[in-house]
Amino acid sequence: MGDDWRELKRMDEEQPDSDTVHARLSWKNLSVYVNNESQILHDLCGYVEPGRVCAIMGPSGCGKSTLLDCLAGRTSKNITVTGDIRVNGRKQKISYGTAAYLPQECDLLGTLTVSETIYYSAKLRLPSNTSAKDLQRIVKDAIEQVGLQDSVYTPIGNWHQRGLSGGEKRRVSIAIALLTRPRLLFLDEPTSGLDSASSFHVVSTLRNLGRFGRTILCSIHQPSSEVFRLFETVCLLTTGRQVYFGNQPGALKFFERAGFPCPTLQNPADHYLHCINSDFDTVKKSLKTVYSLPRHDVDLEEDIYLPMPNVSDVVQTLTGAYESNEKPAVVAHIEEINKQVSGFRR
Ligand SMILES: Nc1ncnc2c1ncn2[C@@H]1O[C@H](COP(=O)(O)OP(=O)(O)OP(=O)(O)O)[C@@H](O)[C@H]1O
């Protein structure tokens with residue numbers, strides 16, 4: 001921790017307002033192996049520009065957290081990463097304070113209030129010589145950035161004391177992550193377990209943080225259409241392979257061109273996940289058995305439940321279309337931004 005603090009102090013001295021220093025993150029030919037044997041991510045490419053919020057989406061087990069962990073530089077020992085990960089055009093280890101990582105579950109003390117929680121976290125995370133005035137200012141900024149000004153005296157809450165809602169607790173965790181003024185923010189499923197309104201509030205908060213020039217990446221499971229629209233960039237994975245990477249409206253065109261247009265009035269995120277989630281093949285198999293049984297009073301219309309061809313065929317078509325039509329442009333863009341930023345001071 002001592003080194004981390006020194007690093008943070010150095011950053012503060014060198015970059016008095018690190019909020020204004022931007023981080024362009026890119027990854028190319030990124031593959032990940034477990035125990036040097038089985039491959040769980042295959043040749044992924046992508047980038048996130050400052051001010052943008054990128055959603056990593058895909059079915060359970062497709063590698064969302066693994067990708068996030070690799071990019072944040074926090075993989076476990078049995079994982080081998082190959083490929084090229086760059087921040088502002090340079091291969092570099094992401095240092096303390098430059099990036100913050102929010103795991104799915106963040107433990108907060110239920111008896112403390114919002115301001116106490118953030119204040120004590122600031123005392124622990126910031127250099128020990130931070131003045132009381134600066135500490136107060138940083139805490140106040142963090143609270144304001146996540147929109148918790150009206151709840152500063154509310155206890156976090158626990159099983160026997162009523163407190164914040166799930167979405168508000170998630171925003172407290174985001175505020176804590178902001179204390180070191182990170183330029184890169186990684187969040188593992190920040191909306192898991194939240195209802196659609198709270199999810200919308202959390203992702204809107206992230207979008208707002210993007211306005212300060214932060215580069216934000218988060219994995220997300222099944223966003224509502226309102227939440228999905230808040231993401232500027234989408235990274236769609238299935239079984240560790242890239243199905244789509246690019247801007248969010250572009251995904252609609254990509255699926256349409258590949259022969260799987262999103263039905264009118266359907267949430268695009270649901271449609272994409274339906275197309276690439278192989279669990280649907282298993283469901284179809286079991287439903288076929290149900291359909292073969294004599295029907296009673298329930299009039300099941302098979303077309304409603306089984307509108308798509310086999311997911312494995314769809315995935316093959318989509319990954320092929322991505323490789324040949326989209327990926328070259330993604331790679332060219334990565335090379336372009338890395339060329340541009342390599343001359344900048346990071
Ligand atoms: N350290 C590890 N050792 C062994 N297997 C791993 C390791 N990390 C990830 N995996 C495997 O890699 C695959 C992808 O896991 P990952 O957690 O990245 O998926 P995910 O998309 O985040 O899933 P979920 O949405 O369920 O959280 C899974 O099959 C998982 O078991």
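**Ligand shell, sheet and helix contact**

Reader: Which helix gives the most to the shell around the ligand?
Author: Helix α2 (residues 64–72) gives the most, with three residues. Helices are DSSP runs of H or I with at least four residues, strands runs of E with at least two, numbered from the N terminus. This is a predicted model, in which local features need pLDDT of at least 70 and side-chain atom pairs count only at pLDDT 80 or more, while totals for chains, interfaces and linings use all residues. Residues are numbered from 1 along each chain as its sequence is written.

Reader: And which residues come nearest to the ligand?
Author: I40, S60, K64, S65 and T66 come nearest, of the 14 residues around the ligand (C-beta atom, placed from the backbone, within 6 Å).

Reader: How does that shell divide by residue character?
Author: The shell around the ligand has four nonpolar residues, nine polar and one charged. Ala, Val, Leu, Ile, Met, Phe, Trp, Tyr, Cys and Pro count as nonpolar, Asp, Glu, Lys and Arg as charged, and the others, Gly among them, as polar.

Reader: Turning to the sheet, what is the strand order?
Author: The open sheet of six strands runs β5-β6-β7-β3-β8-β9, with mixed pairing (at least two DSSP bridges between two strands).

Reader: Which strands stand at the edges?
Author: β5 (99–102) and β9 (241–247) do; each has a single partner strand, so one side of each is left without a neighbour in the sheet.

Reader: How many bridges join β8 to β9?
Author: Six bridges join β9 to β8 (residues 233–238), and the two strands run antiparallel. V234 has G246 in β9 as its bridge partner.

Reader: Where do α3 and α4 meet?
Author: S115, I118, Y119 and A122 in α3 meet L135, I138, V139, A142 and I143 in α4 (C-beta atoms, placed from the backbone, within 7 Å). Eight residues of this contact are nonpolar, one is polar and none is charged.

Notes. Two residues are in contact if their C-beta atoms, placed from the backbone, lie within 7 Å.
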